[in-house]
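Hi there,

Here is the structure I promised to pass on to you. My notes on it follow below, so have a look at the model and then read on.

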Amino acid sequence: MKFATIPVLLLGLILTGVKDARGQDVYQEYARWWKQRQEKKPIAMNKDGSRKGYFGVQFKPKSISAAEAEESGLVQGPTFVLGVSIGKQSRAYPLYAIGELQNDTVGGVPIAASW
Amino acid sequence: MYRRELDGKVYDFDHCGYVYEGSFVMFDKQTGSEWIHVTAECVMGPLKGKSLDLEIAQVITWQKWEALHPDTTVFSSRRRWTERSRNRKAFSTKSSRMRLGLNVVVAHASKLYPYESLEPQKVINDVFQKTPLAAVFVPQADCAVAWVRNVDDRTLTFEPITREGELHRLKDKETGSLWGPLTGECVEGTLMGKQLEPLVAIAIFVRRYRGFYPDGEVFGTKPSEKSTRAQTRKAQP
C-alpha cells in the first residue's frame, strides 16, 4: 500500500494545481528537482572500483552446438537469431536471449554482439 | 555487430544503464568512454570521435541460418529461460516485421531500405555512395541482405525469381545467371561459382533510424524529406 502513496500524492498535486508560497506549481517544482537529481546522479561503481554495468552483459559467453541448442529448446525453427559468420566459424544469438549486448569472440575476432 | 578492436587494442563493453534516442548507451571497461550502440561511435570520454568497425550480421530465422551454416554454434546465456519466454516469437506478426528496415552502411554513410518497400519488390537495384548494390528481402527467412552488384568489373542488375511466394533465386539481366539470394553465390549460368561481395547491413527499427542517422537516406523518400528532428538538430550549433 505504501508504494502507492507517492504516485497518488503526485497525481493529487497535478490535478489540484497546488501552489507553494512563491506561487509556483508544486508539481512542476518537484519535476524540476527530480530532473536535476537525475542529471547529477553519480556513476554507479562496483566494490572493486570498476564502473557498474547493467542487464547481464557477458564477457566470456558459453556457446553450444546446434543439436544441443535444439534439444534444449533454446532455438526452434521460427526463432529469430542474429547470425554472424567470420572465417570458418559461425554463431547464432537468439534474439530473445541476447539481451542488449554480449562480448564474444568468433573466428578469432573479438566482437560485440548487438543489433 | 562490431569488432571490439581499435588500434590493436581489444575493449570490453558493458551497458551504461541508460538510453539515447530509445536505444542503449554502452561504455568500455578499459577507458570508460561511452558509445552509441547502433552507430558504434564514441560520444564521450578519451576515445571520443572514434568508431568501431561494423561486422556483417543477419537477423534471420533459425531454420534458415542452420541450413546456411550447418556447423554453427549457438550463444547460450547463463540465464535459465522459461518455456514462455522461449516460445515468445519476436516479430511473429507481419505488421511487427514491417516495422523494420535494412540499414546499409557504405563508407560511414547510411541508407535505409524499409521492409515495407523491400517486401513487394524482393530486390532493389540501387546505387549508394557510388557503390552499385542490391538490397534483397527473403520472405521465407524473414531476412534482408545487401550485396555489391559488381562482378569482374561488370555491374549486374538483378530480378527476383519466386516460387510459391518464396524468393527462390536472383537472376541477373546481363548474363541470365542464377544466384542464391542469401548466399550471394552464382549457382547456375555463365558466372557459376562467382560470389557477390556482402555489404554491412543490419535490421533496425524504422522509427529509431532518424535518431541515429539524421542525415541518412531512406529509400522511397526524396532527400529533402528529412524529419523535423534532423532539421532541428542541424539548426543547433
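**Strand β5 of chain A and its partners**

β5 of chain A forms an antiparallel pair with β1 of chain B, a strand made of residues 2-3, over 2 bridges. In that pairing A:Ile111 sits opposite B:Arg3. Please keep in mind that this is a predicted model.

On the chain A side, β5(A) also pairs with β4(A), residues 102-106, again in the antiparallel sense, with 5 bridges. A:Thr105 is found opposite A:Pro110 there. The hairpin that these two strands make has 2 residues between them, and A:Gly107 takes a positive phi near 60 degrees.

How much of β5(A) is buried? The strand runs over residues 109-113, and 5 of its 5 residues are buried. The cover extends to both faces: A:Val109, A:Ile111 and A:Ala113 are buried on one side, and A:Pro110 and A:Ala112 are buried on the other.

**A sheet built from both chains**

The next thing to look at is an open sheet of 5 strands with mixed pairing, in the order β1(A)-β9(B)-β3(A)-β2(A)-β8(B). Its edges are β1 of chain A (62-65) and β8 of chain B (57-61); each has a single partner strand, so one side of each is left without a neighbour in the sheet. From one strand to the next, the twist averages 35 degrees.

Within this sheet, β2(A) and β3(A) deserve a look. Residues 80-86 and 89-94 of chain A make up these strands, which pair in the antiparallel sense over 6 bridges. A:Gly83 has A:Ala92 in β3(A) as its bridge partner.

**The interface as a whole**

Between them, chain A and chain B bury about 4,900 Å², with 61% of that on carbon and sulfur atoms. In chain A, the residues that lose the most area to chain B are A:Arg51, A:Phe80 and A:Trp115, together 16% of what that side buries. The contact involves 54 residues from chain A and 55 residues from chain B.

What about charges and polar groups? The count of salt bridges between the two chains is 0, while 21 residue pairs are in polar contact across the interface, both residues being at pLDDT 80 or more. On the side of chain A that touches chain B, the elements giving two or more residues are β1, α3 (66-71), β2, β3, β4 and β5. Of these, β2(A) provides the largest share, 7 residues.

Happy to talk it through whenever suits you.

Best wishes

How values were computed
Residues are numbered from 1 along each chain as its sequence is written. Chains are lettered from A and ligands numbered from 1 in the order in which they are written. This is a predicted model: local features need pLDDT of at least 70, side-chain atom pairs count only at pLDDT 80 or more; totals for chains, interfaces and linings use all residues. Side-chain values use heavy atoms; hydrogens and water are left out. Buried means under 20% relative accessible area, exposed over 50%, partly exposed in between (1.4 Å probe, protein chains only). Helices (H or I, at least four residues) and strands (E, at least two) are DSSP runs, numbered from the N terminus. Two strands pair if DSSP finds at least two bridges between them. Axes are lines fitted to C-alpha atoms, for helices over the stretch in contact, and angles run from 0 to 180 degrees between N-to-C directions. Contact means heavy atoms within 4.5 Å. Buried area is the accessible area (1.4 Å probe) that two parts lose on being put together, summed over both. A salt bridge is a side-chain nitrogen of Lys or Arg within 4 Å of a carboxyl oxygen of Asp or Glu. A polar contact is a pair of N or O atoms within 3.5 Å; within protein, one must be able to donate a hydrogen and the other to accept it, and residues adjacent in sequence count only if both atoms are side-chain atoms.
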